[in-house]
Amino acid sequence: KAYLLGILTVWLGFMAKTLPILWLPLIGAFLIQQRRWLSLLLMVMTSLGIIGLLTLTVLPTPESWQSLLNPGVDSHTAASIHRILFTYLGYFPSLSSKLRLDIVSKFKLVTLALFGLYYFATLVQISLQRRYSVNNLGLEIGWVSLILMLLATPWLMPWYASILLPIAILNLDERKFVFVSLAFCLSSTAYYM
């Protein structure tokens, strides 16, 4: 019952902001590691039901689903390492703006691939560990979210980092994560101001 409520909460979070959808596979890997097959089946069935309901109602087309990924900023950068790269490329007058955009676009693919490798390694690690708790899962959710924002999010608004604060509060014993999250939240806000 608790897992089902957690899965519904993730889906509600996804409807507010896309990021929580990345947490579902982490939860799935955790349920596999814990051998909670009924909970895993409930997660899959609930998710398919929600996807079906949304497809029949508010998200009937592939474009409407894609709109959740904020495609309007797809080619833009803000407050990210992608923006830093774009800014520094501007110091080379011999580079055309088209070439600069092309370099940043390729850099985006590289950072996305690096994040994908990290995410995949995290999923495998969860599934293979002998001792793994809900606390470990909460921390992995935090690290995955943080790495995504730091590495592979070209359009980074300061409020994106706020998702890390509740995760940090739930993991106060993990000082490294707490301090990195706080530093990221504060620097993100300071940069925006």
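Phe184 sits in helix α9, which covers residues 175-192. This is a predicted model. The protein chain has 193 residues, and 36% of them count as buried. Its secondary structure comes to 9 helices and 0 strands.

**Overall build**

- Read from the N terminus, the elements of the protein chain run α-α-α-α-α-α-α-α-α.
- The C-alpha trace of the protein chain spans about 60 × 45 × 30 Å along its principal axes.

**Two residues to locate: Phe184 and Pro60**

- Phe184 has a relative accessible area of 10%. Buried means under 20%, so Phe184 counts as buried.
- Phe184 and Phe92 are 92 residues apart along the chain. Their C-alpha atoms are separated by 29 Å.
- Pro60 is found in the loop between α3 and α4, the latter being residues 62-66.
- Pro60 has a relative accessibility of 52%. Exposed means over 50%, so Pro60 counts as exposed.
- From Pro60 to Val44 the separation is 16 residues in sequence. In space, C-alpha to C-alpha, Pro60 and Val44 are 20 Å apart.

**The nonpolar surface patch**

- A nonpolar patch of about 650 Å² lies on the surface.
- Its makers are Leu38, Leu41, Leu42, Val44, Met45, Leu48 and Ile51.
- One of these residues, Met45, has its place in helix α3, residues 37-56.
- Val44, the residue paired with Pro60 in the distance above, also belongs to the patch.

**The largest pocket**

- The largest pocket holds about 800 Å³ of space.
- It is lined by 26 residues. Closest to its centre are Thr18, Leu69, Leu148, Thr153 and Tyr160.
- Helices α6 (97-128) and α7 (134-152) each give at least two residues to this lining.
- By class, the lining of the largest pocket has 18 nonpolar, 5 polar and 3 charged residues.

**The second largest pocket**

- The second largest pocket has about 470 Å³ of space.
- Its lining is made of 17 residues. Val134, Leu137, Gly138, Ile141 and Leu170 are the closest to its centre.
- At least two lining residues come from each of α1 (2-16), α2 (23-33), α7 and α8 (164-170).
- The lining of the second largest pocket has 13 nonpolar residues and 4 polar ones, with no charged residues.
- Helix α7 therefore supplies at least two residues to the lining of the largest pocket and at least two to that of the second largest, by the helix numbering from the N terminus.

**The salt bridge**

- A search of the whole structure finds 1 salt bridge.
- The side chains of Lys106 and Asp102 meet in it, at 3.2 Å from N to O.
- That N to O distance meets the salt-bridge cut-off of within 4 Å, so the pair counts.
- Side chains of opposite charge can pair when their charged atoms come close.
- Both Lys106 and Asp102 lie in helix α6. They are 4 residues apart, about one turn of the helix.
- Asp102 has a relative accessible area of 34%. This value falls between the 20% and 50% limits, so Asp102 counts as partly exposed.
- Helix α6, home to this pair, also supplies at least two residues of the lining of the largest pocket.

Key:
Residues are numbered from 1 along each chain as its sequence is written. This is a predicted model: local features need pLDDT of at least 70, side-chain atom pairs count only at pLDDT 80 or more; totals for chains, interfaces and linings use all residues. Side-chain values use heavy atoms; hydrogens and water are left out. Patches are made of residues with over 30% relative accessible area and no salt bridge: like charges are joined within 9 Å, nonpolar side chains (Val, Leu, Ile, Met, Phe, Trp, Tyr) within 5 Å. Accessible areas come from the Shrake-Rupley method with a 1.4 Å probe; for residues, only the protein chains shown count as cover. On a 1 Å grid over the protein atoms alone, a cavity is a set of points where a 1.4 Å probe fits but cannot get out, and a pocket is an open set with protein on both sides within 12 Å along at least five of seven lines; lining residues have an atom within 4 Å of a point. Grid points are joined across faces, edges and corners, and a volume is the space filled by probe spheres set on the points. Ala, Val, Leu, Ile, Met, Phe, Trp, Tyr, Cys and Pro count as nonpolar, Asp, Glu, Lys and Arg as charged, and the others, Gly among them, as polar. Buried means under 20% relative accessible area, exposed over 50%, partly exposed in between (1.4 Å probe, protein chains only).
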